[in-house]
Amino acid sequence: MARFWVGVASREHVLAAVRGAFCQLNHGKEAPVRRLQIGDSIVFYSPRERMEGGESLQAFTAAGRILDEVPYQVEQSKDFRPFRRKTEYFKSKDASIHPLLEELSFTKGRSSWGAALRMGVFQMKREDYRKIVMAMGITFEESAD
């Protein structure tokens, strides 16, 4: 049974992942991407435009589906070999988290709603995923097949 995830990364990093058709979590660590299974759905939340001091964004910036069964490793530089998963991304638009704060189970009623997002990746409820992708202009049926 497919599961639904939130990954957290700067918009700059999310856009690179969309262009490369991969998913990378928690600065390329293996354990987070190993938890994902083929057919799982993921949305990316971007707190900022860039990792190093970019402007605040606080929006969901991409949504996709995991296509492979196991992580693979790439050599991005001599000292950085991140683990990734092949991912199909859906055509979407950015969606601010603010209109959804009282609708999502992981933020509803919480003054410190960003705490859950600081984990870098977590599993969410199907209903939360549905609300997010609809705000991103993606039909739920398209993204949850």
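How many of the 5 residues of E1 are buried? The count is 4, so strand E1 is largely enclosed by the rest of the structure. This is a predicted model. E1 spans residues 4-8 and pairs with E3 in the parallel sense and with E8 in the antiparallel sense. The points below go through strand pairing, aromatic contacts, cores, helix H3 and backbone angles.

**Strand pairing**

- E1 and E3 (residues 41-48) are joined by 5 bridges and run parallel. Trp-5 has Ile-42 of E3 as its bridge partner.
- E1 and E8 share 4 bridges and run antiparallel. Here Val-6 is opposite Phe-122 of E8.
- E3 also pairs with E4, antiparallel, through 7 bridges. Tyr-45 is matched with Phe-60 of E4 as its bridge partner.
- E4 covers residues 56-66, and 8 of its 11 residues are buried, so this strand too is largely enclosed by the rest of the structure.
- E4 has an antiparallel pairing with E7 over 2 bridges. Ala-59 faces Ser-96 of E7 in that pairing.
- E4 is further joined to E6 (residues 83-89) by 3 bridges, again antiparallel. The bridge partner of Ile-66 in E6 is Thr-87.

**Aromatic pairs and a charge over a ring**

- The model holds 3 aromatic pairs.
- One of them is Phe-4 with Tyr-129: the ring centres are 4.8 Å apart and the planes meet at 35°. Planes under 30 degrees apart would count as stacked and over 60 as edge-to-face, so this pair is tilted.
- That pair connects distant parts of the chain, with Phe-4 in E1 and Tyr-129 in helix H3 (residues 126-135), 125 residues apart.
- Both rings belong to buried residues: Phe-4 has a relative accessible area of 5%, and Tyr-129 has 0%. The cut-off for buried is under 20%.
- Phe-106 and Phe-122 make an edge-to-face pair, at 5.0 Å between centres and 70° between planes.
- Phe-106 is in the loop between E7 (95-96) and E8 (121-124), while Phe-122 is in E8, so the pair ties together parts 16 residues apart in sequence. Phe-106 and Phe-122 are both buried.
- Arg-84 places its charged end over the ring of Phe-22, 3.7 Å from the ring centre.

**Nonpolar cores**

- The largest nonpolar core has 23 residues. Val-6, Val-43, Phe-60, Phe-106, Leu-117, Met-124 and Ile-132 touch the most other members.
- E1, E3, E4, E8 and H3 each contribute at least two residues to this core. H3 gives the most, with 3 residues.
- Leaving out residues up to four places away in sequence, Phe-60 has contacts that include Val-43, Tyr-45, Ala-95, Ile-97, Leu-104, Ile-132 and Met-136. Lys-93 and Asp-94 are also among the residues Phe-60 touches.
- A second, separate core has 16 residues, among them Phe-22, Leu-25, Ile-66 and Tyr-89. Phe-22 is also the residue whose ring lies under the charged end of Arg-84.

**Helix H3**

- Which residues of H3 are buried? They are Asp-128, Tyr-129, Ile-132 and Val-133.
- These residues cover an arc of only 125° around the axis, which puts them on the same side of H3.
- An α-helix has 3.6 residues a turn, so residues three or four places apart point the same way.
- Two of the buried residues have roles described above: Tyr-129 pairs with Phe-4, and Ile-132 is among the core residues that touch the most other members.
- Just after H3, Gly-137 has a positive phi of about 80°.

**Positive phi outside glycine**

- Most residues other than glycine have a negative phi.
- Ala-21 departs from this pattern, with a positive phi near 55°. Ala-21 is in the loop between helix H1 (11-20) and strand E2 (22-23).
- The relative accessible area of Ala-21 is 36%, so Ala-21 is partly exposed.
- Asn-26 also has a positive phi, near 45°. Asn-26 lies in the loop between E2 and helix H2 (30-35).
- Asn-26 is partly exposed because its relative accessibility is 22%.

Conventions. Residues are numbered from 1 along each chain as its sequence is written. This is a predicted model: local features need pLDDT of at least 70, side-chain atom pairs count only at pLDDT 80 or more; totals for chains, interfaces and linings use all residues. Side-chain values use heavy atoms; hydrogens and water are left out. Rings of Phe, Tyr and Trp (its six-membered ring) pair if their centres lie within 6.5 Å; planes under 30 degrees apart count as stacked, over 60 as edge-to-face and the rest as tilted. Buried means under 20% relative accessible area, exposed over 50%, partly exposed in between (1.4 Å probe, protein chains only). A charge sits over a ring if NZ of Lys or CZ of Arg is within 6 Å of the ring centre and within 35 degrees of the ring normal. The arc is that of the directions from the helix axis to the C-beta atoms. Two strands pair if DSSP finds at least two bridges between them. A nonpolar core is a set of buried Ala, Val, Leu, Ile, Met, Phe, Trp, Tyr and Cys residues joined through side-chain atoms within 4.5 Å. Contact means heavy atoms within 4.5 Å.
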